[in-house]
Amino acid sequence: MKLSLALLASAFAASSAFSPAATTVSISRSSTSLNASRNRDKVASRSKWAESRGYGTVAEAAAEAAATGLMTNDDGLEYVRLANEAGDTSDIYLFGGVVTSYKVGGQEFIAVRPDAKMDGSKPISGGLSHCWPQFGPGEIQQHGFARNVNWTVKSMTDTTVELEMAPSDYTKEMWDKEFLCTFTVALEDDKLSTKMFVENKGEESFDFQAALHSYFTVSALDNFSIAGSFAGKEFLNKMVGEGEMQTEDREEITISEEYDRVYMGVNDPVLKDTGSGKSLAVMNTAGYEDTVLWNPYGDEGMGYNNFVCVESVKFDPVTLEGGSTWTGDMALKAGDL
C-alpha cells in the first residue's frame with residue numbers, strides 16, 4: 001500500500017476531511033468497570049490530600065471531577081478517564097481509540113470540533129485521532145479504519161490505559177493482514193505520553209502508514225503560532241492547484257488562510273498561544289517523522305478559529321516484515337510562555 005508524495009498531491013482534495021464511518025465492529029468489553037464506591041474513596045483521598053495543603057472546597061470539587069475509570073457519555077460511547085494527584089485529566093474513547101481531552105491545571109489542550117459526532121455514527125472529529133493503516137486517500141477507505149472501530153481495554157490504572165485493536169471481519173474485508181495494534185496512554189506528572197505499537201503477527205510483510213490526526217485548542221488564530229524546524233524544509237501545499245512542493249522560509253508558522261500542508265522531516269512542533277499564555281510541545285521521539293498542518297480557515301461550522309491540527313505522521317510507508325514491530329511515540333508537554 002505504498003503511497004508517494006506525488007500520489008497524495010494528485011488526490012489532495014480528500015486527504016484532510018473525515019469521511020463517514022462504515023459499520024463498526026462490536027466491542028469486546030473489558031472486565032474493568034467504573035465502581036462508584038471506589039471512586040468515592042478516591043475523591044475522599046484526593047480531598048484529604050488537598051485539605052492538608054490548604055486548598056479547601058475548591059480542591060474538593062476538582063477531586064470530584066478527577067474520578068477515574070471506564071465511563072459512558074450521554075450518547076452511549078464508552079471512554080476511560082485518567083487523572084493524577086495534581087488533578088490533571090485525560091479522556092480516551094474506545095471508539096477509535098482517540099484521546100479527546102488533556103487538561104493541565106484546568107486548561108484544555110486537545111480540541112474536539114463543535115460539529116463532531118460523539119455517538120459512534122462517524123469517526124470523532126477531533127482529539128488525537130488514528131490514521132491507520134493508511135493516511136489520506138489510497139487503496140482502502142480514507143485514513144484507514146482504526147478511527148472508526150472499537151478498541152478493547154487490555155489494562156488500566158488511574159493514570160494509564162492500554163487499548164488493543166485486532167483484525168475483525170470488517171477490517172479483513174478491506175485489509176486482510178495479520179496485525180495487532182496496541183495504543184498506550186500515560187498521564188504522567190509533567191506530560192501526556194502515547195505509544196502506538198504495531199505487530200505483524202503473520203509471516204508475510206505488509207506496508208502501512210501511521211498518523212495521529214491531532215486537534216489542539218487555540219484561543220484564536222490571531223494569538224497562535226507554531227515553532228519548530230520548519231525553516232528551509234520542503235512541504236506539499238495542497239491548497240495550490242493540485243498540490244505544489246514549496247520551501248518554508250519562516251521559523252514560526254502563523255495561519256491566516258486555509259491550510260493543508262505536509263512538512264516532511266519536521267517532527268518537533270511547539271504550539272504557542274499568547275491568548276492563553278500557554279505552550280504545548282509535541283514530542284515525537286520514535287516512528288513519527290513528519291508533520292501535517294491543517295485548518296479549515298473560515299469554516300464557522302467546524303470552529304476553525306479555535307483549533308489547529310498539528311499531526312504526527314509517518315508518511316513514507318513502513319514495510320513491516322513478518323514477526324516484526326513498529327513503534328510510534330508521541331508526548332505532549334504543556335508549559336507557560
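These legends describe close-up views of a predicted model.

**View 1. Strand β16 and the direction of its side chains.**
Strand β16 covers residues 259–263. The strand is mostly covered, with 5 of its 5 residues buried. Y259, R261 and Y263 point one way from β16, while D260 and V262 point the other way.

**View 2. Strands that pair with β16.**
Strand β13 pairs with β16 in the antiparallel sense, over 3 bridges. In this pairing F235 stands opposite Y263 of β16. Strand β19, residues 290–295, also pairs with β16 in the antiparallel sense, here over 5 bridges. R261 stands opposite L293 in β19.

**View 3. The salt bridge between D260 and K238.**
Side chains of opposite charge can pair when their charged atoms come close. D260 forms a salt bridge with K238, and the closest N and O atoms are 3.3 Å apart. This pair links distant parts of the chain, 22 residues apart: D260 belongs to strand β16, and K238 lies in the loop between β13 (234–237) and β14 (244–247). D260 counts as buried because its relative accessible area is 3%, under the 20% limit. K238 is buried too, at 1% relative accessibility.

**View 4. The salt bridge between E252 and K272.**
The side chains of E252 and K272 meet in a salt bridge, at 2.9 Å from N to O. The two residues are 20 apart in sequence and link distant parts of the chain, E252 in strand β15 (residues 252–253) and K272 in strand β17 (residues 270–273). E252 is partly exposed, at 33% relative accessibility. K272 is partly exposed as well, with a relative accessible area of 28%.

**View 5. A network of salt bridges around D190.**
E188, D190, K191 and K333 are joined into one network by salt bridges that share partners. Within the network, the side chains of K191 and D190 meet at 3.7 Å, N to O. D190 counts as partly exposed because its relative accessibility is 38%, between the limits of 20% and 50%. A search of the whole structure finds 15 salt bridges.

**View 6. G76 and M118.**
G76 is found in the loop between β1 (69–72) and β2 (78–83). At 47% relative accessibility, G76 is partly exposed. G76 and M118 are 42 residues apart in sequence, and their C-alpha atoms are 8.6 Å apart in space.

Key
Residues numbered from 1 in each chain as written. Predicted model: local features only at pLDDT ≥ 70, side-chain atom pairs only at ≥ 80, totals over all residues. Heavy atoms only, no water. Helix = DSSP H or I, 4+ residues; strand = E, 2+ residues; numbered from the N terminus. Buried < 20%, exposed > 50% of the residue type's maximum accessible area, 1.4 Å probe, protein only. Salt bridge = Lys/Arg side-chain N within 4 Å of Asp/Glu carboxyl O. Pairing = 2+ DSSP bridges.
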